[in-house]
Amino acid sequence: MLSDLLNAHTIQIKDGGSYKWEDAIRKAAQPLVDLKFVENAYVDSMIDVVQEKGPYINIGPQIALAHARPSDNVHKIGLSLLKTNSSVDLVSEDHPVKLWFVLAATDSNSHLSVIQQLMAVLTNNDILNKLLEAKSVDELIEALGEADKTEE
């Protein structure tokens, strides 16, 4: 399922050197907005939650998983990825991030298998290193494809 959600339409690589964390979340979410999976209001709510609760979306070294509560602003379950070549500080310098995942969920349960699959990828050090070192969208897709093969 990850390869269905993370593909050439939902993955991007940018320098990120001049980004603030809000920019990174907006840029990471843009494919889901363009595909009409989510409305811009959902993107705003993800940013609002981080402003209120802090960097809780920092789920591991160099990894953020931006999300907000399911709402009418989410039309379809979705996942996107922005890989920045430069780390972007999430709220503070204590939380540098290069992999910006955005999760859109239509309800409280449908996305659980997506999170489970994503965690399997992100806890595989070989695959995680390939994601962090990737220089192209194709390299990111290839690394994610390796994750699919390890699940078989």
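Among the contacts in the chain of this predicted model that are made between residues at least 6 apart in sequence, 68% join residues at least 24 apart. Buried residues account for 45% of the 152 residues in the chain. The secondary structure consists of six helices and five strands, and, when the sequence is read along its length, these elements follow the pattern α-β-α-α-β-β-β-β-α-α-α. The radius of gyration is 14 Å, close to the 15 Å given by the globule rule for 152 residues, so the chain is as compact as a globular protein of that length. Taken along the principal axes, the box filled by the C-alpha atoms is roughly 35 × 35 × 25 Å.

Helix α2, which runs through residues 21–34, contains 14 residues and spans 20 Å from its first C-alpha to its last, close to the 20 Å expected at 1.5 Å a residue. The helix nevertheless bends by about 30° at Ala28, and a proline, Pro31, follows within four residues. The buried residues of α2 are Trp21, Ala24, Ile25, Ala28, Ala29, Pro31, Leu32 and Val33, a list that includes both Ala28, where the bend is located, and the proline that follows. The cover over these buried residues includes parts of the chain on either side of α2 in sequence, with β1 (11–14) before the helix and α3 (40–53), β3 (62–66), β4 (78–89) and β5 (96–104) after it.

One of the strands that cover the buried residues of α2 is β4, and Ser80 lies in this strand. With a relative accessibility of 0%, Ser80 counts as buried, because a residue is classed in this way when its relative accessible area is under 20%. The side chain of Ser80 reaches the backbone oxygen of Ala28 at 2.6 Å, and Ala28 is also the residue at which α2 bends. When residues up to four places away in sequence are not counted, Ser80 touches Leu6, Thr10, Ala28, Ala29, Leu32, Trp100, Phe101 and Val102. Of these, Ala28, Ala29 and Leu32 are among the buried residues of α2, while Trp100, Phe101 and Val102 fall within the range of β5 (96–104).

Just after α2, Lys36 takes a positive phi of about 65°, and this residue is found in the loop between α2 and α3. Most residues other than glycine have a negative phi. Lys36 has a relative accessibility of 63% and therefore counts as exposed. A second residue with a positive phi, of about 70°, is Gln62, which is likewise not a glycine.

Gln62 is found in strand β3, and its side chain is joined to that of Ser87 by a polar contact of 3.0 Å. Leaving aside neighbours within four places in sequence, the residues in contact with Gln62 are Ser87, Pro96, Val97, Lys98, Leu99 and Leu132. Among these partners, Ser87 falls within the range of β4 (78–89), and Pro96, Val97, Lys98 and Leu99 fall within that of β5 (96–104). Leu132, in turn, falls within helix α5 (residues 125–133).

Side chains of opposite charge can pair when their charged atoms come close. The count of salt bridges in the chain comes to two. In one of them, the side chains of Arg26 and Asp44 meet at 2.9 Å, N to O; this pair links distant parts of the chain, with Arg26 in helix α2 and Asp44 in helix α3, 18 residues apart. Arg26 counts as partly exposed at 39% relative accessibility, and Asp44 is also partly exposed, with a relative accessible area of 31%.

The other salt bridge is formed by the side chains of Lys130 and Glu146, again at 2.9 Å, N to O. This pair also links distant parts of the chain, since Lys130 belongs to helix α5 (residues 125–133) and Glu146 to helix α6 (residues 137–151), 16 residues apart. Lys130 is partly exposed, with a relative accessible area of 38%, and Glu146 is partly exposed as well, with a value of 25%.

Gly145 is also placed in helix α6, and this glycine is partly exposed, with a relative accessible area of 22%. Although Gly145 and Ser3 are 142 residues apart in sequence, their C-alpha atoms are 6.9 Å apart in space.

Technical notes:
Residues numbered from 1 in each chain as written. Predicted model: local features only at pLDDT ≥ 70, side-chain atom pairs only at ≥ 80, totals over all residues. Heavy atoms only, no water. Helix = DSSP H or I, 4+ residues; strand = E, 2+ residues; numbered from the N terminus. Expected span 1.5 Å × (residues − 1). Bend = angle between axes of the 7 residues up to and from the residue. Buried < 20%, exposed > 50% of the residue type's maximum accessible area, 1.4 Å probe, protein only. Contact = heavy atoms within 4.5 Å. Polar contact = N/O pair within 3.5 Å; in protein donor to acceptor, adjacent residues only side chain to side chain. Salt bridge = Lys/Arg side-chain N within 4 Å of Asp/Glu carboxyl O. Rg over C-alpha atoms; globule rule 2.2 N^0.38 Å.
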